[in-house]
2 protein chains.
Amino acid sequence: MEQKFNVHALVWQGQQLAVLDQRQLPEIVHYELYVTAPDVAQAIKTMQVRGAPAIGIAAAYAVALSVQQHYQPDNSVWRQQVAAEIKLLAASRPTAVNLFWALDLMQIKLTQVEGSPVEAVIQLAQDIHQQDIAANLKMGELGANILSDAQGLLTHCNAGALATGGYGTALGVIRSAYQRRARRIYAGETRPWLQGARLTVWELAEDRIPSTLIADSAAAMLMKSGQVDWVIVGADRIAANGDVANKIGTYSLAVLAKYHGVKLMVVAPTSTIDFAMQSGDDIEIEQRAANEFLPQCYAQADSLIDAWNPVFDVTPAELVSVIVTERGAVFNPIDKGVGELNNE
Amino acid sequence: MEQKFNVHALVWQGQQLAVLDQRQLPEIVHYELYVTAPDVAQAIKTMQVRGAPAIGIAAAYAVALSVQQHYQPDNSVWRQQVAAEIKLLAASRPTAVNLFWALDLMQIKLTQVEGSPVEAVIQLAQDIHQQDIAANLKMGELGANILSDAQGLLTHCNAGALATGGYGTALGVIRSAYQRRARRIYAGETRPWLQGARLTVWELAEDRIPSTLIADSAAAMLMKSGQVDWVIVGADRIAANGDVANKIGTYSLAVLAKYHGVKLMVVAPTSTIDFAMQSGDDIEIEQRAANEFLPQCYAQADSLIDAWNPVFDVTPAELVSVIVTERGAVFNPIDKGVGELNNE
């Protein structure tokens with residue numbers, strides 16, 4: 001496959017997984033090497049690797065590492081050890097459905113193989129990884145077709161190569177659109193974790209794509225000025241009715257886009273869609289620690305100051321113009337949901 | 001006057017002005033002492049003191065310092081020196097109209113006094129300061145009357161004791177409302193400068209008022225959850241038609257409030273109103289340096305990454321529920337503007 005991007009969050013190195021430590025970007029580009037599943041679970045939990053598709057792929061490789069470490073041909077104790085580590089992986093982050101999707105695929109494979117499963121699970125993890133990249137390249141083209149000549153694109157958080165197997169979902173569309181011709185690309189800095197400032201603009205620059213960073217709260221004024229035609233974001237989970245859970249601030253952008261006549265594109269592989277979940281109201285929203293943005297000096301026990309730190313929000317389908325997946329695009333998901341994408 | 005607040009941004013000490021260095025809050029509470037106008041202008045420019053009313057008061061004291069330093073009874077050279085320093089002060093920040101209002105008052109006083117003007121200008125600066133506090137206490141009561149039993153209040157930036165002569169505009173209303181009975185108070189952290197995180201929640205805690213900090217981009221989800229009845233903000237400039245320039249992100253909150261059926265209260269002394277300006281379209285919006293939030297590693301000359309950093313935005317009158325001033329409240333300013341508050 002032609003390499004259309006220079007950034008790689010996850011690199012499988014035969015018997016170990018190299019994970020780009022995204023907490024140190026953009027200042028330091030450092031890969032941590034992992035050989036056990038609990039260490040990968042910790043890397044997910046601490047957001048060394050983040051982004052729904054990348055979390056799923058990392059978890060798949062982690063199961064492969066688990067099998068590689070524990071498999072014994074002469075008894076089945078290893079199955080309990082691997083099952084325990086899969087449980088640990090499932091508890092690492094609650095919102096990304098890709099995580100559970102990837103773990104399910106790996107578990108099914110384990111029940112199917114006769115003899116040593118090591119090669120098979122490594123192969124499956126690599127397949128999940130490559131299929132994600134292929135899906136992103138496909139979504140990139142589909143999304144770029146829909147954008148047509150749109151000039152101003154605003155993205156939020158990082159739904160890029162760093163958040164996926166490679167190329168990216170929202171940033172994949174932006175890459176594909178930019179390859180056709182130059183556009184103005186804006187990125188919200190994405191508080192509290194600053195994925196936009198630390199990851200998205202860095203990643204685009206690595207692929208020689210210029211971009212402009214804005215404070216999240218400046219998006220409304222930017223839209224009012226007429227500089228934005230589309231908001232383009234990824235998703236952590238999509239319900240069957242087309243409701244979209246994504247990084248906190250996405251719902252805000254969706255409301256602002258509606259008000260200003262700007263369109264909203266959600267780009268995500270179908271592994272992100274939870275067809276069994278009827279509505280976004282049922283999506284569990286992860287709350288992270290207040291100290292992610294509360295100044296340390298407020299942390300004393302009797303403090304009158306606390307913080308509310310939901311990591312995701314839910315954008316109702318009625319605010320979404322189009323959902324782009326590797327199986328095709330669904331316009332106005334409020335009409336019929338995304339069930340037509342379910343081919344199982 | 002009864003002291004209803006514990007936080008003081010500006011303290012006149014006879015022959016010098018003590019300025020609380022707000023850049024060091026909340027970790028360090030440090031007052032810098034000034035005896036010259038250019039030093040105060042620099043303190044305004046570097047945001048050691050900020051907030052439209054506080055900037056106006058600081059500038060008034062600076063003119064007093066200028067007269068104190070340059071006045072000579074036997075010739076009028078000092079008038080040119082003072083005029084030059086007034087010009088310097090006027091150039092320190094472009095958006096806050098209170099700055100020009102205060103400088104005008106001081107200049108008029110200088111033309112009226114016979115003999116030494118030193119005592120008179122010091123007295124006028126102190127009067128401007130005390131009148132601002134009195135206006136804030138009045139607005140606090142007016143605003144609290146309007147809020148009635150509203151439970152959830154969200155503010156943005158810092159329109160508090162730190163931004164004014166004392167007590168605050170938006171935070172004055174919140175103080176008065178909280179004194180009547182407890183409410184849930186939320187503060188947006190207010191990127192890029194974090195006035196909410198560093199100043200507002202600190203200032204409220206100093207007066208024993210509990211508050212919850214949120215990322216700016218979480219405001220929409222908070223409103224959707226039904227936790228917010230009113231958004232309450234200050235203003236840097238209000239046009240005759242009721243359009244309001246305030247900290248970047250205010251317009252965003254105004255649109256989100258409208259969408260969620262949340263009301264928007266703007267609290268500002270009439271010195272903030274530019275009756276000569278017909279509409280908010282004419283308000284000059286200050287753009288500050290990209291490096292206020294662009295990571296240092298992107299600063300090289302050939303960088304593909306830049307930042308758009310407007311400090312204020314304009315909220316059209318149609319999104320404002322009520323403007324509260326010391327001369328009374330104007331509901332639905334979209335109907336007739338705020339001209340009725342002009343008593344000149």
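**The interface of chain A and chain B**

Visitor: How many residue pairs are in polar contact across the interface of chain A and chain B?

Guide: The rule finds 17 such pairs, both residues at pLDDT 80 or more. A polar contact is a pair of N or O atoms within 3.5 Å; within protein, one must be able to donate a hydrogen and the other to accept it, and residues adjacent in sequence count only if both atoms are side-chain atoms. This is a predicted model: local features need pLDDT of at least 70, side-chain atom pairs count only at pLDDT 80 or more, while totals for chains, interfaces and linings use all residues. Residues are numbered from 1 along each chain as its sequence is written, chains are lettered from A and ligands numbered from 1 in written order, and side-chain values use heavy atoms, without hydrogens and water.

Visitor: Why is R191(A) with E189(B) called a salt bridge?

Guide: Their closest N and O atoms are 2.5 Å apart. The rule asks for a side-chain nitrogen of Lys or Arg within 4 Å of a carboxyl oxygen of Asp or Glu. So the pair qualifies. The count between the two chains is 2 salt bridges.

Visitor: What makes strand 12 of chain A and strand 6 of chain B a pair?

Guide: DSSP must find at least two bridges between them. Here there are 4, in the parallel sense. Therefore they pair. I305(A) stands opposite S211(B). Strands are DSSP runs (E, at least two residues), numbered from the N terminus.

Visitor: How many residues are in contact?

Guide: 51 of chain A with 51 of chain B. Contact means heavy atoms within 4.5 Å.
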